[in-house]
Each structure stands twice: as C-alpha cells, then as structure tokens.
Amino acid sequence: MATYKKKGYKAPKSHKPEQEEETSHAGDHSTTAEVFETLDHGASKTETWVAENQKPIYIVIGILVVAVLGYLGYQQFIQEPNEAEAANEMAQAQNYMQAAMSASGAQSDSLYNLALQGGEGKYGFLDIIDNYGSTKSANLAAYNAGFAYLNTGKYQKAIEYLEDFNSDDEILGPLAVGGIGDAFMQLEQPEEALDYYKKAANMQSNSFTTPKFLLKAAITALKVGNGKDALEYLNSLENEYPESPEAEKAPVFKGQAQAMK
C-alpha cells in the first residue's frame, strides 16, 4: 500500500542540538565570568599594593618634582646670573691678556701676571676659575691662564690649566691641545709633545690649526728620529693644505725626513 504524508505534516525536530547549544552558552558564560573574576582579582591586588605603598610612591614623586623644579630654578636664578657676572668680571683680565700679547719683555710678563691675578679692582683669570667654576667664563679663563703661564715660562702650570679647558670649538680646542704640546717641548719632552701635536692636528679639519700642528708634528717627529712619520705628516700638509704658509716650509723638512728613512 502506498504511503503519503498528510498536508502540513512536519517531521519532529530533535532536541539534542538545542541541549548542546545551551551547554555551549553555559560554557561561554562560565569562561567570561572566570576572566572578569581574574581581572577583578588582579585589580584588587594592584589597589592593595598601591594602598600599602602609597606613602613611598608619593615620596618618590615628590623627590622627582623637587629635582626638576630645583634644576630649573638653579638654571634661571643661579647659573644664568653667574654666567653674566663672570663674563663681566673677566673683561678686564682679557684686556690685560690682549695687551700682553702685543707687548714684549718685562712689560709683557707684567701684563700676563695682571691677567692671571687681576688688577684695578677686577678679578684675574684665576679668580674667575675659583669663584665661578661652573660657568663658561671659568672654562675660558682656564684656557687663557694656560697660555699666560706658557708665555711666562711656567710650563707645568700651563699644562695643568690647558688640560682643564674643555671645548668642541674648531679653533680653541686644537689650540689648547697644541699648547700642551708646546709646553712639553719647552720641558724637553718631545715624545709627549708629539702625541699632543698629532692629537691637535686630527681634532678638527680647518686651514688654520690643522696645517700648524701637522708641521709641528713633522718637526717633532724628526727630532725624535722618526723620519717615516715626519714624511707622512709633511705629505698630508702639502696635499691637503697646499695654500697654507706651513706648506711652503714643507720641502725643507721633507729632505731631512727622506734622508732619515
């Protein structure tokens, strides 16, 4: 006998997938709850730590704030006024220094001494260093004091003060280092002088200090019997600074260097 489906008849749905879906949703709710519980627990631990360490935290923050404000205050109310005052106080010493460089003999020595010690109620370079040690003027005073001592025959003092000078200036930096070399030459220590001349020549590349100290390095290398290095310095001088006054003197010393090789 043929069978048929009554119109409108639908096969009964299985309830098993619904149960699985309910189980899945229940699992999701459980996992979410665990995540929030973990987060709440972590936040609670952080809050507890902050509460327990609140005083030390505020102390550290307070120290940082005081340090920053102190630095800014120091710059504005102490360092900047000191810079201006030191520059003003050093003006007379610089005048003495310039006059000494134009003078000669005993007059020159007297002016260098005034530049160092002060005069006319104004500080000398040594006073500037002692009273304004953290300023740019004090640093420049060390440079000037070094050359004042160098020009008055006090070579150890010259080395001491020129070594204290610190600058990235293209001219002053190499001149200070080369001045130390000059002091060692006067002390009859050419090996030490050569080291400083080489350093001065290599510090900056310019047409004023570089050829000056390449030539001094070459002459000093000849003095210590190192013709090979002397020739190297002289070749660099002629090739890199052919228009310099020092390059005009190079051929004389090149002959000596070549004979020594």
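This is a short walk through a predicted model, going from one aspartate to its partners and then to other parts of the chain.

Let us start at Asp 182, which sits in helix α7, a helix made of residues 172-186. Which residues does Asp 182 touch, once its neighbours within four places in sequence are set aside? They are Leu 150, Tyr 197 and Lys 216. With Tyr 197, the side chain of Asp 182 makes a polar contact of 2.5 Å. With Lys 216, the side chain of Asp 182 forms a salt bridge, at 2.9 Å from N to O. This salt bridge ties together distant parts of the chain, as Lys 216 belongs to helix α9 (residues 209-223) and Asp 182 to helix α7, 34 residues apart. Side chains of opposite charge can pair when their charged atoms come close. As for its surroundings, Lys 216 has a relative accessible area of 26%, so it counts as partly exposed.

How many salt bridges are there in the model? The count is 2. Glu 238 also takes part in a salt bridge, with Lys 254 as its partner, and their closest N and O atoms are 2.8 Å apart. Here too distant parts of the chain are linked: Glu 238 lies in helix α10 (residues 227-240) and Lys 254 in helix α11 (residues 245-260), 16 residues apart. Are these two residues buried or exposed? Glu 238 is partly exposed, because its relative accessibility is 24%. Lys 254, at 17%, falls under the 20% limit and is therefore buried.

Now back to helix α7, this time to see how it packs. Two packed helices are described by the angle between their axes and the distance between the axes. For α7 and helix α8 (residues 190-203), the axes come within 8 Å and cross at roughly 165°. That angle is over 145 degrees, so α7 and α8 run roughly antiparallel to each other. The crossing of α7 past α8 is left-handed. Many residues meet where the two helices touch: on the α7 side they include Gly 173, Val 177, Gly 181 and Asp 182, and on the α8 side they include Ala 193, Tyr 196, Tyr 197 and Met 203. Asp 182 and Tyr 197, then, are among the residues where α7 meets α8, and their side chains share the polar contact described above.

A last stop is Gly 121, in the loop between β1 (118-119) and β2 (122-123). Gly 121 has a relative accessible area of 78%, which means that it is exposed. Its C-alpha atom is separated by 9.6 Å from that of Glu 89, a residue 32 residues apart from Gly 121 along the chain.

Notes:
Residues numbered from 1 in each chain as written. Predicted model: local features only at pLDDT ≥ 70, side-chain atom pairs only at ≥ 80, totals over all residues. Heavy atoms only, no water. Helix = DSSP H or I, 4+ residues; strand = E, 2+ residues; numbered from the N terminus. Polar contact = N/O pair within 3.5 Å; in protein donor to acceptor, adjacent residues only side chain to side chain. Contact = heavy atoms within 4.5 Å. Salt bridge = Lys/Arg side-chain N within 4 Å of Asp/Glu carboxyl O. Buried < 20%, exposed > 50% of the residue type's maximum accessible area, 1.4 Å probe, protein only. Axes fitted to C-alpha atoms, helices over the stretch in contact; angles between N-to-C directions. Parallel < 35°, antiparallel > 145°, perpendicular 65-115°, else oblique. Left-handed = near helix turned anticlockwise from the far one by under 90°.
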